[in-house]
Amino acid sequence: MTKRVIVDPVTRIEGHLRIDVEVDNGKVTKAWSSGQMWRGIEQIVVGRDPRDAWAFTQRICGVCTTVHALASVRAVENALKMEVPLNAQLIRNLMLSAHALHDHIVHFYHLSALDWVDIVSALQADPKKASQLAESVSSWSLNGVHELTQVQQKLQSFVDSGQLGIFANGYWGHSAMKLPPEVNLIAAAHYLQALEIQRDANKIVTILGGKTPHVQNLTVGGVTNSINLDSQSVMNMERLTYILSLMDRLDDFINNAYLVDVAIVGANYLEWAGYGAGITDYLSVPEMALDNAGTKFALPGGYIQNGDLSTFKPITSFNDEFFIRGVHESSKHSWYEDSGPLHPWKGETQPNYTDFQDEGKYSWIKSPTFYGKPAQVGPLANVLCLAASGHVSALKHTNFVLDTVSSLAGTKVGLGALHSTIGRHAARAVRSAVLMEEMRNQWQLLVNNIATGDTKTFNQPVFPKGIQEGVGFHEAPRGVLSHWIVIEDGKIKNYQAVVPSTWNAGPRNDNDEPGPYEAALLDNPVADPEKPLEVLRTVHSFDPCIACAIHMVDTEENEIVKVRAL
Amino acid sequence: MKILVLGIGNILLTDEGIGVRVVERLRELYMIPDSIDIMDGGTAGMELSGDLANREQVILIDAVKTGAPAGTVVELYDEQVPNLFRTHISPHQLGISDVLGILRITGELPKHFTLFGAVPYSIDTSTELSVEFHPIMDDIVQRVVTRLAQLGVNLTRHLQPITSDNPTRMAS
């Protein structure tokens with residue numbers, strides 16, 4: 001009997017995301033990913049001064065604020081063919097790293113770990129055994145018996161008081177939950193510790209950005225931070241040293257807790273290295289510009305086809321023609337007028353709502369393609385491109401995770417395991433470790449550059465008459481983000497944001513090929529259609545910025561069961 | 001810990017931005033003393049956890065959906081506030097409810113809350129409040145000022161409002 005399961009997650013701003021799957025014999029046989037709301041937020045900046053766009057675009061989404069600000073100023077700079085002072089590039093690099101680390105840590109521990117970790121089971125753990133296990137694979141200082149016992153007592157007091165709070169909606173006791181109680185306890189402890197650590201990452205964004213959640217130091221042409229190592233009121237050595245101390249704490253957690261936890265979870269759920277690959281054409285963009293013009297980067301990006309790293313083709317500058325020409329968006333299955341796949345500079349958004357048609361139009365999200373094909377974006381794409389380009393830090397951390405998984409699981413696990421649901425989590429942890437290491441380099445580069453006497457942070461933009469086109473891209477926590485701008489006589493004429501969730505959550509394209517979410521869900525097991533935990537695991541592994549409300553429709557009985565999911 | 005005045009909402013969605021607009025208006029009209037923190041929380045969630053943790057008093061301004069007609073202003077106090085977000089009445093349920101849930105677990109939940117919520121007329125795409133919502137904004141600004149006075153903080157007006165027509169002190 002085929003059952004249709006509708007997962008209807010809610011995103012804060014970009015619109016509701018709804019996932020429909022058909023389940024037959026305990027497996028997903030068909031999947032649809034549908035954006036349920038049209039906002040047309042890009043229209044807000046049309047007609048405005050391009051220098052103001054970033055302040056609006058950073059409010060598009062509640063989770064990814066800084067990234068839209070950065071992509072926006074880069075788009076204008078690109079249109080004006082501007083260079084940006086080195087200090088500004090480095091300050092941006094530090095800020096985007098801290099933002100991404102915050103985002104990745106919160107995603108793994110607070111938004112998706114509970115798909116894999118059974119908090120209630122942690123109550124059955126022996127804290128001594130748990131501590132021995134944790135200390136056998138990690139030198140993290142908070143894995144002691146005392147610490148773990150306290151965490152267990154805390155959880156017990158929540159259960160006893162009947163107030164599980166944010167833990168109340170988990171699929172506790174679900175047959176797909178497989179971690180031993182001791183591992184669940186370690187994970188619960190790190191869940192709580194990660195709450196502290198994410199604040200450190202956020203503090204760095206605040207110090208550099210002037211404020212969070214919406215930074216105010218970005219500007220077209222650079223940043224507004226004033227640099228004077230001896231002044232009390234601006235960017236000085238004291239602040240830079242404080243940032244470094246926060247980085248030390250983050251580094252310790254990422255390398256000794258996050259990377260290890262991902263490996264432990266992966267080793268216990270190794271079958272999930274066999275589900276969720278989906279689209280294995282991967283796209284990422286280079287990040288952390290190291291020169292004024294944006295032609296040298298600390299982190300390479302590019303395009304990989306069919307999961308084959310030898311096909312890697314790099315994207316090499318902010319003006320890269322291979323990237324700029326490759327991106328199109330199709331509206332064939334989206335609720336817009338369809339005039340064939342269009343380049344973002346020519347993008348149209350004329351609504352044409354039809355209702356949900358399985359074979360026709362079913363989403364407010366357009367379907368982006370790279371040279372006509374869907375592409376998966378995100379930390380996995382990023383890490384694979386880094387590995388393909390021989391990036392030393394990425395290879396080192398990837399090998400660490402795979403070796404730890406292999407040793408815990410007692411079987412050799414190779415790079416191929418990354419093309420999967422669990423692999424996306426592993427890649428996100430690896431990317432965090434890479435960002436962490438690179439962030440230290442950026443900090444040193446900034447201090448060194450200031451020491452040469454260079455305190456410049458801003459170049460004045462000049463808007464000529466006529467039309468200029470530009471693109472600003474950023475390898476954001478969820479993957480390739482690109483803002484496309486057309487400026488006419490100093491005002492914005494067209495503006496399109498092609499966001500990571502569009503790449504991954506897009507519907508079928510002009511050739512009726514499914515998007516990455518849709519493809520990744522095929523053949524996923526579903527033990528209990530009323531509690532489609534497995535569907536959530538795969539969707540969450542992409543890190544959609546959503547919380548989910550699950551509606552289960554049984555087409556036979558036509559009844560709707562509503563389940564809240566985390 | 002200082003009193004935190006926190007406005008949340010999305011200013012790209014018309015009346016959804018009321019919390020942020022009230023905070024902006026407070027800054028335009030009043031000198032903000034060092035004894036309080038006033039913050040535009042925008043659409044954020046977890047980023048706010050450090051700013052909320054362990055506060056004695058939090059005054060929250062937000063758009064709410066209560067079933068009451070548009071333009072209705074609600075006031076809630078103390079434990080009613082986390083409870084409101086737990087039952088998901090506010091359109092900001094995701095961010096703030098997660099943060100409050102987490103602060104409960106870490107034992108850092110603010111001691112006292114005041115919420116001023118307003119039911120929106122429109123949440124279409126626009127950077128301006130709807131015309132009907134302007135008096136609601138002024139009303140909430142007054143309520144915040146009154147509440148702060150009850151808590152022992154008296155705000156003093158600028159001689160002239162700090163607006164884009166008078167940008168001398170727009171910096172912060």
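**Exercise 1. Confidence of the model**

What pLDDT does chain B average, and what percentage of the residues score at least 70?

*Solution.* The model is predicted, and the first step is the chain average. Chain B has a mean pLDDT of 85, and 87% of its residues score at least 70. The second step is to separate the elements: confidence in chain B is lowest in helix H3 (residues 80-86), with a mean of 69, and highest in helix H5 (residues 133-150), with 97. The third step concerns the stretches below 50. Residues 87-94 of chain B fall in this range, and the model gives this stretch 29 contacts beyond near neighbours in sequence. Residues 167-172 of chain B also stay under 50, with 6 contacts beyond four places in sequence. For the complex, the predictor reports an ipTM of 0.80 and a pTM of 0.90.

**Exercise 2. Architecture of chain B**

Determine the order of the elements of chain B and describe its contacts and surface.

*Solution.* Begin with the inventory: chain B contains 5 helices and 7 strands. Read from the N terminus, they follow the order β-α-β-β-α-β-β-α-α-β-α-β. Next, consider burial: 56% of the 172 residues of chain B count as buried. Then take the contacts with a separation of 6 or more; in chain B, 79% of them are between residues 24 or more positions apart. Finally, the accessible surface of chain B is about 7100 Å², and carbon and sulfur atoms contribute 51% of this area.

**Exercise 3. A three-stranded sheet in chain A**

Establish the strand order of the sheet that holds S6, S9 and S10 of chain A, and identify its edge strands.

*Solution.* First, examine S6(A) and S9(A): they pair in the antiparallel sense over 2 bridges, and Tyr282(A) has Ile304(A) as its bridge partner in S9(A). Second, examine strand S9 (residues 301-305) and strand S10 (residues 308-315) of chain A, which run antiparallel and are joined by 4 bridges. Here Gly302(A) has Pro314(A) as its bridge partner in S10(A). Third, combine the pairings: the 3 strands form an open antiparallel sheet in the order S6-S9-S10. Strand S6 (282-283) and S10 of chain A are the edge strands, as each pairs on one side only. The last step is the turn: the hairpin of S9(A) and S10(A) has 2 residues between the strands, and Asn306(A) adopts a positive phi near 50° in this hairpin.

**Exercise 4. Aromatic rings and charges**

Classify the pair of Trp345(A) and Trp484(A), and explain which parts of chain A the pair ties together.

*Solution.* The structure holds 26 aromatic pairs over all chains. In the pair of Trp345(A) and Trp484(A), the centres are 5.5 Å apart and the planes are at 80°. An angle over 60 degrees counts as edge-to-face, so this pair is edge-to-face. Next, locate the residues: Trp345(A) lies in the loop between strand S11 (327-330) and strand S12 (367-370), whereas Trp484(A) belongs to strand S14 (residues 479-488), so the pair ties together parts of chain A that are 139 residues apart in sequence. Both residues are buried: Trp345(A) has a relative accessible area of 16%, and Trp484(A) has 0%. Both also belong to one aromatic cluster, whose members include Phe297(A), Tyr303(A), Phe370(A) and Phe473(A).

To finish, consider charges over rings. The charged end of Arg18(A) sits over the ring of Phe356(A), 4.3 Å from its centre. Arg48(A) lies over the face of Phe56(A), at 4.1 Å from the ring centre.

Terms used: Residues numbered from 1 in each chain as written. Chains lettered and ligands numbered in written order. Predicted model: local features only at pLDDT ≥ 70, side-chain atom pairs only at ≥ 80, totals over all residues. Heavy atoms only, no water. Phe/Tyr/Trp six-rings, centres within 6.5 Å; stacked < 30°, edge-to-face > 60°. Buried < 20%, exposed > 50% of the residue type's maximum accessible area, 1.4 Å probe, protein only. Lys NZ or Arg CZ within 6 Å of the ring centre and 35° of its normal. Contact = heavy atoms within 4.5 Å. Areas by Shrake-Rupley, 256 points an atom, 1.4 Å probe, with all protein chains shown as cover. Pairing = 2+ DSSP bridges. pLDDT = per-residue confidence, 0-100.
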